[in-house]
Amino acid sequence: MFPMGLLTFALALATYKAAMLTSIMMVDWRSFLFLLGLDALYLSILLLLGICHALIRSQFISRLSWLFLLFLTVTYLVDSFVLLALNEHAPLFDIGRYALEPRVVFSFFDARAYVAIVLLLVSMLVNVKYQRRRRIFGYAILMGALLAGTFSAIYAPLPLARYAMLSPAGLLEKLKSAKPESVYSAEQVQFYSTQVKTRPSIPESKPNIVLLIVESLSSINSKKVSGVDGFLDGFDALADKGLLFRNFFANHQASEGGLIALLGGYPPIHFPTASPYMFDEFAIQPSILGEYMDEGYSTEFLTNARLSFIGLNRFLEGLGVDRSRGRDEVAAMAAAQVIVQDAPSDAFLYDEALKTIEQLSRQEQPFLLTLATTSTHLPYKHPENGDDTPKAVWQWSLDQLTGFYQQLEDSGYFEKGVLLITGDHRQMRALTATETARYHDSARARVPLLLIGNNYPAGAVDDRFFQQADLLRMLASVEQKGATLSPQPIWVERYNRKYGHIELIDSLSVFDEADSGVNEYQLQVPGNQLIWLGNKPSFSHRVELLIHAQRSQHQQKRLGMQ
């Protein structure tokens, strides 16, 4: 019997996935065909397994091929819906890390995903006899799928290629024997430590600092930042109260990378001898937060999410934060209804933040309080039973933020305090044609930054390039109008397990202020090497020194901890 149901289901799922991505990215029908073609190679494997199941006479091998077909179809189902929800392939080899938070995982499965699961179960029952005419038709479809997949793999635009379930080029690369990873020698560590010496630029007045990290706050959604109509009217109105940076860059596409950049004070670049678990590895590294503590600051971290999720608590402990609290450490949050990310709404976070600021303001030493929101995390769910749409959820969330700002102002906080508002990363959605036209190659790194305080001119705009890793490190330099901040922001690719190997763990990109971030300069950093994937840009020497200095120092710290 031929498993027609499973194969039809897989084809329907591929079509749905391609159609949804085409709609999100606002591209044309040719992109839809490419997206469908990119998954044709994976579909051809499913078809081949189906043919084996129908033709092989050994019941054991036949059933084994059917089970393998089912496993690959389920894998495709999970990956497709995670990709549509988070713009990232499912980390199937790291599933154990997320299994401890099942409610967070299942929150990304909406009604359509559950309908797909039901259809999958039904499709398992649909089988047909594999007659001669169907065999010929099956072989023809198999050849067509292979040709379509090969053509798409060769000619599909690079932004689309990342959505393929199976990359033949990537698979062949992983099959090659891995070279031993080289590490920095003691001489290299010493050399780079003398080449790059950067002292943090902490404001001499030592203001109280509230760093507010808004989940998925993206430049493209703010008209004042990008010039494109979006749904951040509340943020745009608040921008009249402070200094708005329109060329601020995230260093990573996920929350963990954003937190490491903002609180560590460096792009989250992987380094020799490090494991792929970012929070664990960067927890043992020196941080910009430590520099502020050395200057007399007390430090706190407050979020309405669980601190235990993927090791955030271990990262904060490693940084030496004086106090860190999440949902489980605040009584009002622990008792509240959860909305997204297994967390109560941002209203509870702001309420607790105001109480904390009042307490901290009574002490003599300055404080640095970091707040991390969750209510705008995907999937969108309105905290007060409004529409579960991006516009409605963001409007509600920004109303809470505006109220928080107003209470800070009414309390006199800004007499000796500043409020820094930015995003942890750009929204986890596929890049749209509008976004690419506005920001070109640097579109995926764009988040806003708003600085509010007596030293920042209200309603002003700053177009200097600035990156997350330099925000706290160069905060005093912001007030110097002619100062260069981050002329070459660094983007760290999000690494993941694929084909059983860590992928993209050594891949970086650099954007240049001189060309307004139009071009992406890609490089790889395997071991203690640095390889530009194209012609070396004019700023290559400076960037190379910065990267080698950071990675060699981090390697040395890592080895010293063993």
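In the predicted model, strand β2 (residues 243-245) is joined to β8 by three bridges, and the two strands run antiparallel. Within this pairing, Leu 244 has Leu 450 of β8 as its bridge partner. Both strands belong to an open sheet of eight strands, ordered β5-β4-β6-β1-β7-β8-β2-β9, in which the pairing is mixed. The edges of the sheet are occupied by β5 (323-325) and β9 (460-462); each has a single partner strand, so one side of each lacks a neighbour in the sheet. Disregarding direction, neighbouring strands are turned against each other by 15° on average.

Strand β8 (residues 449-452) also pairs with β7, in the antiparallel sense and over four bridges. Here Leu 450 of β8 is the bridge partner of Ile 421; Leu 450 is likewise the partner of Leu 244. On the side of β1 (residues 208-214), β7 is held by seven bridges, and these two strands run parallel. Val 214 is matched there with Gly 423 of β7.

The burial of β7 (residues 417-423) is complete by residue count: seven of its seven residues are buried, so the strand is largely enclosed by the rest of the structure. In a regular strand, side chains alternate between the two faces of the sheet. In β7, one direction is taken by Gly 417, Leu 419, Ile 421 and Gly 423, and the other by Val 418, Leu 420 and Thr 422, with all of these residues buried.

Helix α19 (residues 346-360) lies across β1, β4 (298-303), β5 and β6 (367-372), and runs at about 165° to β4.

Ser 216 is located in the loop that connects β1 with α12 (223-226). Its relative accessibility is 5%, below the 20% limit, and Ser 216 therefore counts as buried. Beyond residues up to four places away in sequence, Ser 216 touches Thr 376, Trp 394, Asp 424, His 425 and Gln 427. The side chains of Ser 216 and Glu 215 are joined by a polar contact of 2.7 Å. With respect to Leu 72, Ser 216 is separated by 144 residues in sequence and by 32 Å in space, C-alpha to C-alpha.

Among the helices, α14 (residues 255-264) is mostly covered, as nine of its ten residues are buried. The buried positions of α14 are Glu 256, Gly 257, Gly 258, Leu 259, Ile 260, Ala 261, Leu 262, Leu 263 and Gly 264. Gly 265, just after this helix, adopts a positive phi of about 90°.

Helices α1 (residues 4-25) and α3 (residues 40-55) pack with their axes 10 Å apart and at an angle of about 175°. This angle exceeds the 145 degree limit, so α1 is roughly antiparallel to α3. The contact brings Leu 7, Ala 10, Leu 11 and Ala 14 of α1 against Leu 43, Leu 46, Leu 47 and Gly 50 of α3. By class, the contact comprises seven nonpolar residues, one polar residue and no charged residues. An α-helix has 3.6 residues a turn, so residues three or four places apart point the same way.

A further open sheet contains four strands in the order β11-β14-β15-β16, with antiparallel pairing. Its edge strands, β11 (490-492) and β16 (531-532), each pair on one side only. Strands β14 (residues 507-510) and β15 (residues 521-524) run antiparallel and are joined by four bridges. In this pairing, Ser 507 stands opposite Gln 524 of β15.

Terms used. Residues numbered from 1 in each chain as written. Predicted model: local features only at pLDDT ≥ 70, side-chain atom pairs only at ≥ 80, totals over all residues. Heavy atoms only, no water. Pairing = 2+ DSSP bridges. Buried < 20%, exposed > 50% of the residue type's maximum accessible area, 1.4 Å probe, protein only. Contact = heavy atoms within 4.5 Å. Polar contact = N/O pair within 3.5 Å; in protein donor to acceptor, adjacent residues only side chain to side chain. Axes fitted to C-alpha atoms, helices over the stretch in contact; angles between N-to-C directions. Parallel < 35°, antiparallel > 145°, perpendicular 65-115°, else oblique. Nonpolar A, V, L, I, M, F, W, Y, C, P; charged D, E, K, R; others polar.
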